[in-house]
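Colleague: Thanks for making time today. Could you walk me through this model, one question at a time?

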Amino acid sequence: MESQKEARILQEPVARPPGASRSQTPNAKEGQEGGPVPATAALGSETDDDSADGLWELPVEPTKRRPECSRCSRPQKVCLCPFLPAHPLHISTHLYIIQHPAEENKVLRTVPLLAACLPQDKCKVKIGRRFSEERDPELSTVCRKSGTLILYPGAEAANLEEFILDSPVYPSTIIIIDGTWSQAKDIFYKNSLFRHPKQVQLKTSISSQYVIRMQPTNRCLSTLECAAVALSILEKNNYIQETLLRPLQALCSFQLQHGAQIRLSKEHLLKNGLYPKPMPKNKRKLRKMELLMNSVKI
């Protein structure tokens, strides 16, 4: 009689504790197949389930951005305003920055520092990939003026210093595209507006001081550096270049003191066998790498 009574007890379903999961753990399956289930394992499984269920009830706090300085757009704790000019520089040239949307939220972008050094009516930043007369009549008008230049090192680009010596109309406006080289190329060739201004380029021996971001070649400059050199040429005032580069130097110095590393150009890494990534299999990208190694302009 006792053996029959025990058999009936084993066949009766065991009551599931409130909140227990219906899914079976490997230990539970082992118990069904005849293997013993340690009491500590069963207790641990129930505890894990309860902990996981509790996580879903926790309130989700929105990510808070650090307070930014209203002038330099840097976090207030690392504000660079002490390195900016006390008053915006007096310039006659109008500067238009065409910024790729991907650059807008980058932490170490240089355009806010540039804009903070110049009068608001002389420096305008336009963000986007595509521009047309319908979308931006102001930019369309600017591009069609005879005194407008675009800084882009294309095949038809003239040396800026030489151009202003022979130009019958002294340039009053310069356009600079802000983005990676591939982004700048995409913006230039897919917007017909930017083929109206005269193309110019900078032929300078200076190396980029923006050492915390990798550049394709040793001759590449950041947007701020391009603007600093171009404005100093157009305004015939070297003080402009020195003043605009000061906050960039401070930015790089601060980052290097707090763990950042000097980023050598891709050209330098390839030539010295230090490039950390495998060579691309894509023929077009591979060709670009070969041109960089041979110091050919791309």
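Colleague: Let's start with a cysteine: is Cys69 buried or exposed?

Modeller: Happy to, and bear in mind that this is a predicted model. Cys69 has a relative accessibility of 14%. Buried means under 20%, so at that value Cys69 counts as buried.

Colleague: And how many disulfides does a search of the whole structure find?

Modeller: Take Cys69 to begin with: the nearest cysteine sulfur is that of Cys81, 3.4 Å away, while a disulfide needs the two sulfur atoms within 2.5 Å. For Cys220, the nearest cysteine sulfur belongs to Cys226 and is 8.7 Å away. Neither Cys69 nor Cys220 is in a disulfide. Over the whole structure, the number found is zero.

Colleague: Good to know. Which helix gives the largest share of the largest nonpolar core?

Modeller: That core has 44 residues, and Leu95, Leu114, Leu118, Leu160, Leu202 and Leu244 touch the most other members. Several elements supply at least two residues each, among them strand 1, helix 4, helix 6 and helix 9. The largest share is nine residues, and it comes from helix 8.

Colleague: Leu118 is on that list of well-connected leucines. Which residues is Leu118 in contact with, leaving aside its neighbours within four places in sequence?

Modeller: Two of its partners, Leu95 and Leu244, are also among the core residues that touch the most other members. The complete set of contacts is Pro88, Leu89, Ile91, Leu95, Cys123, Leu231 and Leu244.

Colleague: How many residues are in the second, separate core?

Modeller: Tyr96, Tyr152, Ile187 and Phe188 are included in this second core. Its size is 15 residues.

Colleague: Let's turn to charges. How far apart in sequence are the parts that Glu103 and Arg213 tie together?

Modeller: Their side chains meet in a salt bridge, 3.0 Å from N to O. Glu103 is buried, with a relative accessible area of 3%, whereas Arg213 counts as partly exposed at 24%. Glu103 lies in the loop between strand 1 and helix 4, and Arg213 in the loop between strand 6 and helix 8, so the salt bridge joins parts whose separation in sequence is 110 residues.

Colleague: Which residue forms a salt bridge with Arg130?

Modeller: Arg130 lies in the loop between strand 2 and helix 5, and its partner is in helix 7, so the pair ties together parts that are 56 residues apart in sequence. Arg130 counts as partly exposed at 32% relative accessibility, and the partner is partly exposed too, at 22%. The closest N and O atoms are 3.2 Å apart, and the partner is Asp186.

Colleague: Which residues are linked in a network of salt bridges?

Modeller: One pair is Glu138 and Lys126, whose closest N and O atoms are 3.3 Å apart. Glu138 is in helix 5 and Lys126 in strand 2, twelve residues apart. Glu138 is partly exposed, with a relative accessible area of 30%, while Lys126 counts as buried at 14%. The network as a whole consists of Lys124, Lys126, Asp136 and Glu138.

Colleague: One last item, on the surface: which residues form a nonpolar patch there?

Modeller: One member, Leu264, is found in the loop between helix 9 and helix 10, and Leu264 counts as partly exposed at 38% relative accessibility. Together the patch has about 250 Å² of accessible area, and its members are Leu256, Ile262 and Leu264.

Terms used
Residues are numbered from 1 along each chain as its sequence is written. This is a predicted model: local features need pLDDT of at least 70, side-chain atom pairs count only at pLDDT 80 or more; totals for chains, interfaces and linings use all residues. Side-chain values use heavy atoms; hydrogens and water are left out. Patches are made of residues with over 30% relative accessible area and no salt bridge: like charges are joined within 9 Å, nonpolar side chains (Val, Leu, Ile, Met, Phe, Trp, Tyr) within 5 Å. Accessible areas come from the Shrake-Rupley method with a 1.4 Å probe; for residues, only the protein chains shown count as cover. A salt bridge is a side-chain nitrogen of Lys or Arg within 4 Å of a carboxyl oxygen of Asp or Glu. Helices (H or I, at least four residues) and strands (E, at least two) are DSSP runs, numbered from the N terminus. Buried means under 20% relative accessible area, exposed over 50%, partly exposed in between (1.4 Å probe, protein chains only). A nonpolar core is a set of buried Ala, Val, Leu, Ile, Met, Phe, Trp, Tyr and Cys residues joined through side-chain atoms within 4.5 Å. Contact means heavy atoms within 4.5 Å.
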